[in-house]
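Here are a few short exercises to work through with the model open on your screen. Try each task yourself before you read the solution below it.

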Amino acid sequence: MIHIRQISVHDLPALQTIGRKTFVETFAEGNSEENLARYLAEGFSHEKLTKELANKNSQFYFAEMDGRVLGYLKVNMGNAQSEQQDPDALEIERIYLLKEFHGKEVGLALYQKALSIAHERKAAYIWLGVWEHNPRAIRFYEKQGFVKFDQHIFQLGDDEQTDILMKLSLPNLLEK
């Protein structure tokens with residue numbers, strides 16, 4: 001059974017491990033080793049993650065089974081959102097899971113946790129960015145009712161990549 005739990009700074013080493021591993025599994029193909037290495041060093045540094053974990057407008061959750069971390073979720077509210085949106089919106093910044101658990105309800109469990117948080121916070125809508133070359137994730141979110149509304153640049157090392165911005169309005173949440 002999948003267990004979802006909120007994590008704290010005490011879980012930082014495990015967050016670095018799962019974060020780096022799932023990022024490489026997801027994005028190694030189609031990106032240079034240099035750009036990946038640079039992003040992993042900066043994006044999952046002790047300092048950066050400590051600051052994010054301490055931000056009251058960001059929350060991290062692990063998906064676990066039998067004590068093993070299978071993936072994680074990061075959501076942002078208010079001024080913690082990675083891009084200025086509605087202050088009442090909820091951003092799903094990350095849902096990453098180990099490749100061996102794709103298609104096994106782990107991602108869905110993390111997504112449902114984000115929905116629960118959105119309901120608790122009475123969010124106007126949920127939004128996220130998905131790399132344009134990640135059709136699996138795009139299909140997953142479209143299946144959940146998300147629609148494309150914009151795009152932005154995601155910097156991976158020295159490579160500027162396009163993320164598709166997608167959102168799901170709260171009324172759509174209430175219908176599900």
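**Exercise 1. Crossing the middle strands**

Task: Start at Ser 58 and find which residue stands opposite it in β3. Then step across to β4 in the predicted model.

Solution:
- Step 1. Ser 58 has Asn 76 of β3 opposite it.
- Step 2. From Asn 76, the residue opposite in β4 is Glu 91.
- Step 3. Now look at the strands themselves. β2 and β3 run antiparallel and are joined by 8 bridges, while 7 bridges join β3 to β4, again in the antiparallel sense.
- Step 4. Follow the chain from β2 into β3: the two make a hairpin with 2 residues between them. In that turn, Asp 66 has a positive phi of about 50°.
- Step 5. Ask how enclosed β3 is. Buried means under 20% relative accessible area. Of the 10 residues of β3, 9 are buried, so the strand is largely enclosed by the rest of the structure.

**Exercise 2. The whole sheet**

Task: Work out the strand order of the sheet and say which strands are at the edges.

Solution:
- Step 1. Reading across the sheet gives β1-β2-β3-β4-β5-β7-β6. That is an open sheet of 7 strands with mixed pairing.
- Step 2. The edges are β1 (3-6) and β6 (147-156), each of which pairs on one side only.
- Step 3. From one strand to the next, the twist averages 30°.
- Step 4. Check the pair β5 and β7. Residues 125-131 (β5) and 159-169 (β7) pair antiparallel over 7 bridges. Trp 131 stands opposite Asp 163 of β7.
- Step 5. Add the helix that packs on the sheet: α4, residues 106-121. Helix α4 touches β1, β2, β3, β4, β5 and β7, and its direction makes about 165° with that of β4.

**Exercise 3. A network of charges**

Task: Find the salt-bridge partners of Glu 52, and decide whether Glu 52 is buried or exposed.

Solution:
- Step 1. Place the residue: Glu 52 lies in helix α3.
- Step 2. Begin within the helix. Lys 48 forms a salt bridge with Glu 52, with the closest N and O atoms 2.4 Å apart. Both residues belong to α3 (residues 46-54) and are 4 residues apart, about one turn of the helix.
- Step 3. Go to the sheet. Lys 74 and Glu 52 meet through their side chains in a salt bridge of 3.4 Å, N to O. Lys 74 is in strand β3 and Glu 52 in helix α3, so this pair ties together parts 22 residues apart in sequence.
- Step 4. Take the next partner, Arg 94: its closest N and O atoms with Glu 52 are 3.8 Å apart. This salt bridge links distant parts of the chain, with Glu 52 in helix α3 and Arg 94 in strand β4, 42 residues apart.
- Step 5. Judge the exposure. Glu 52 has a relative accessible area of 11%, which means that it counts as buried, because the limit is under 20%. Arg 94 is buried too, and so is Lys 74. Lys 48, at 33%, is partly exposed.
- Step 6. Put the pieces together. Lys 48, Glu 52, Lys 74, Glu 93 and Arg 94 are linked in a network of salt bridges. The whole structure has 11 salt bridges.
- Step 7. List the contacts of Glu 52 beyond four places away in sequence: Ser 58, Phe 60, Lys 74 and Arg 94. Ser 58 brings you back to Exercise 1, where Ser 58 stood opposite Asn 76.

**Exercise 4. A polar side chain and the nonpolar core**

Task: Find what the side chain of Asn 35 reaches, then find which residues touch the most other members of the largest nonpolar core.

Solution:
- Step 1. Asn 35 sits in helix α2 (residues 33-43). With 10% relative accessibility, Asn 35 counts as buried.
- Step 2. Its side chain reaches the backbone nitrogen of Asp 158 at 2.9 Å. Leaving out residues up to four places away in sequence, Asn 35 touches Leu 156, Gly 157, Asp 158 and Asp 159.
- Step 3. Turn to the core. The largest nonpolar core has 49 residues, and Leu 15, Phe 23, Ile 92 and Tyr 141 touch the most other members. Helix α4 gives the largest share of this core, 7 residues.
- Step 4. Zoom in on Tyr 141. Its contacts beyond four places away in sequence include Ile 92, Tyr 111, Leu 128 and Met 166.

Conventions: Residues are numbered from 1 along each chain as its sequence is written. This is a predicted model: local features need pLDDT of at least 70, side-chain atom pairs count only at pLDDT 80 or more; totals for chains, interfaces and linings use all residues. Side-chain values use heavy atoms; hydrogens and water are left out. Two strands pair if DSSP finds at least two bridges between them. Axes are lines fitted to C-alpha atoms, for helices over the stretch in contact, and angles run from 0 to 180 degrees between N-to-C directions. Contact means heavy atoms within 4.5 Å. Buried means under 20% relative accessible area, exposed over 50%, partly exposed in between (1.4 Å probe, protein chains only). A polar contact is a pair of N or O atoms within 3.5 Å; within protein, one must be able to donate a hydrogen and the other to accept it, and residues adjacent in sequence count only if both atoms are side-chain atoms. A salt bridge is a side-chain nitrogen of Lys or Arg within 4 Å of a carboxyl oxygen of Asp or Glu. A nonpolar core is a set of buried Ala, Val, Leu, Ile, Met, Phe, Trp, Tyr and Cys residues joined through side-chain atoms within 4.5 Å.
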